[in-house]
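Biologist: I would be grateful for a close look at one part of this model, namely a single strand and the elements connected with it. Please set out the description as one continuous account.

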Amino acid sequence: MAVLNSPVLNKGTAFSAEERTALSLTGLLPPDIGTLKTQVKSAYSQYVKLPDSLSKNIFLTALHDRNEVLFFKLFSEHLPEMIPIVNDLTVGKAMQQYQHESRRPRGVYLSIDHPNSIEDAFANFGACAEDIDLILATDAERILGLGDWGIGGIEVSIGKLAIYTAAGGIDPTRVIPVMLDVGTNRESLYENPMYIGNRHARVRGTPYDAFIDAYVTAVTKLFPHALLQWEDFAPTNGRHILEKYRGRVCTFSDDMQGTGAITLAAAISAVRCSGTPLRNQRVVIFGAGAAGISIAAQLCDAMMRNGLTRDVAVSRIWCVDRQGLLSADRADEMLDFQKTYARPVSERKDWKQGKENSIGLAEVVRRVRPTMLIGTSTVAGGFTEEIVRQMAGDTERPIIFALSKPAEEIEAHPANLIAWTNGRALVATGSPFAPVTFKGVTYSIAHVNNAMLYPGLVLGAIVARASRISDSMFAAAANAVSSLVTVRQPGSSLLPHIDDLRAVSMTVAGAVAEAADSEGLARVRLSNIGQQIQDAMWQPEYRHITAA
């Protein structure tokens with residue numbers, strides 16, 4: 001029974017006759033001996049009959065809790081269909097119901113009210129120093145555009161790690177999802193008698209920083225080779241944590257760095273197609289939050305690798321938020337990470353101003369004449385026909401990335417972008433869209449999905465036993481993704497299709513490991529990177545189980 005109750009060991013009806021005898025399973029299973037292939041077929045037939053995305057999430061969670069190999073085999077064979085169910089907005093729905101469902105606990109729950117229990121919690125998890133490759137932590141303050149959902153944020157860590165395994169071959173027994181429970185500011189949670197997290201407002205300031213430091217100190221001591229990832233922190237905390245620790249330990253933030261890197265991959269492809277070097281692009285970013293500034297930083301670094309000084313690279317990027325252009329006279333209302341991209345006041349003295357002396361997106365596009373327009377604003381329809389036609393009149397191949405999601409919040413639909421530019425726009429979106437046919441040409445719309453990049457990034461770092469995650473490793477990942485597409489044919493996608501995610505992850509991992517090695521960050525000898533990547537990838541296959 002212990003074997004059947006272990007999701008790592010359980011095979012369901014696929015235990016052989018020999019295993020059933022040796023493991024005392026006779027009579028505890030139906031007599032028919034199945035295979036993993038037939039189990040996947042059966043599970044998928046159940047999955048497709050479910051009425052909605054939340055039901056499908058619950059089904060997959062139950063399967064994950066019962067039989068990990070079957071879960072990951074099913075997931076890996078249906079990645080495009082199931083990633084939005086396991087992660088993205090569907091897991092947000094599941095997270096909102098977290099306290100009302102009896103789910104099997106996974107991972108480690110750390111409370112700011114008991115900071116001295118951190119090492120005990122990890123000791124109770126039962127892993128040794130060499131057993132863990134990846135630890136993914138969240139404090140659940142800024143989840144999937146849904147905001148603060150407290151203790152339920154553990155579902156985000158679990159879902160993200162599942163993608164690492166299905167898409168990147170990260171061994172699921174060598175990862176730990178972590179919930180950093182610092183409270184919640186959502187009154188409907190901590191006033192709910194069913195809520196199972198800390199029942200107080202979020203702790204801020206010095207106690208919060210001390211708690212994070214205690215967590216980092218504990219995990220780097222207990223698991224010295226593990227990569228630490230931060231997920232769904234509020235921008236200020238997330239950036240502060242990343243900057244504090246990235247030079248000392250192997251760590252990264254997908255929100256702060258992954259979004260920028262996968263957007264850079266699409267930009268590299270678009271630049272190849274347009275023929276205008278990245279260093280000569282004029283970039284307007286609509287949406288100056290964590291995602292927008294992350295993209296600005298990655299593009300700026302790429303321009304510097306293309307020969308520009310930092311000051312010149314920064315000068316080629318204009319960031320606009322809902323209040324208008326970031327400019328020096330707004331410094332008091334800007335977050336620290338936005339100030340780098342504040343434009344000098346003298347630049348805008350003759351520009352048309354809106355309310356409270358703000359400079360809106362339309363005026364910025366008219367004055368800047370951008371070659372690249374990127375949206376992370378969640379302002380539906382923010383890229384109006386007038387703005388897009390203005391841009392198309394000033395550049396031959398306008399690069400337009402409407403990255404806000406869900407699709408209801410996109411800045412402009414790809415069909416409109418292609419029509420308004422007479423088929424000349426190079427388009428990418430944050431949500432998946434069907435191909436667009438315009439004047440006899442079918443345009444594949446690139447889906448800018450971080451899952452194209454982070455599984456391979458982490459796999460490469462694990463294989464190299466990287467001591468840090470460097471900017472060059474992100475650049476290598478972006479270039480690797482871009483290298484997998486050809487842009488010579490009209491209508492070609494700027495990014496690979498998500499159907500090829502596992503192959504993409506292998507390519508990215510190789511490039512990342514090579515970059516780590518060239519920078520002296522690899523802590524193992526990389527004699528045959530391709531083979532070492534393949535050898536490291538966990539496969540969802542049943543292993544023979546013997547009785548102890």
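Modeller: The account below begins with strand S4 and its neighbours and then turns to helix H12 and the sheet it lies across.

The model is a predicted one, and everything that follows should be read as a description of that prediction. Strand S4 comprises residues 227-231 and is mostly covered, five of its five residues being buried. The cover extends to both faces of the strand. On one side the buried residues are Leu227, Gln229 and Glu231, and on the other they are Leu228 and Trp230.

The pairing of S4 may be taken next. Strand S2, residues 134-138, runs parallel to S4 and is joined to it by five bridges. Within this pairing, Thr138 has Glu231 of S4 as its bridge partner; Glu231 is also one of the buried residues named above. S4 pairs with strand S5 (residues 251-253) as well, again in the parallel sense, over three bridges. Here Leu228 has Thr251 of S5 as its bridge partner. S4 and S5 are, in addition, parts of a right-handed β-α-β unit, in which the helix is H11, residues 235-245.

The next element to consider is helix H12, which spans residues 254-274. Its axis and that of helix H19 (residues 471-483) come within 8 Å and cross at roughly 45°. Because of that angle, H12 counts as oblique to H19. The crossing of the two helices is right-handed. On the H12 side, the contact is made by Gln257, Gly258, Ala261, Ile262, Leu264, Ala265, Ile268, Ser269 and Arg272. On the H19 side, Phe474, Ala478, Asn479, Val481 and Ser482 take part.

H12 also lies across three strands, namely S9 (372-375), S10 (399-402) and S11, and it runs at about 155° to S10. These strands belong to an open sheet of seven, ordered S8-S7-S6-S9-S10-S11-S14, with mixed pairing. The edges of the sheet are formed by strand S8 (324-325) and strand S14 (446-447), each of which pairs on one side only. Towards the S14 edge, S11 (residues 426-429) pairs with S14 in the parallel sense over two bridges, and Ala428 stands opposite Ala446 in S14.

To draw the description together, S4 is covered on both faces and pairs in the parallel sense with S5, while H12 crosses H19 in a right-handed manner and lies across S9, S10 and S11.

Note on methods. Residues numbered from 1 in each chain as written. Predicted model: local features only at pLDDT ≥ 70, side-chain atom pairs only at ≥ 80, totals over all residues. Heavy atoms only, no water. Buried < 20%, exposed > 50% of the residue type's maximum accessible area, 1.4 Å probe, protein only. Helix = DSSP H or I, 4+ residues; strand = E, 2+ residues; numbered from the N terminus. Pairing = 2+ DSSP bridges. Right-handed = clockwise from strand over helix to strand, strands pointing away. Axes fitted to C-alpha atoms, helices over the stretch in contact; angles between N-to-C directions. Parallel < 35°, antiparallel > 145°, perpendicular 65-115°, else oblique. Left-handed = near helix turned anticlockwise from the far one by under 90°. Contact = heavy atoms within 4.5 Å.
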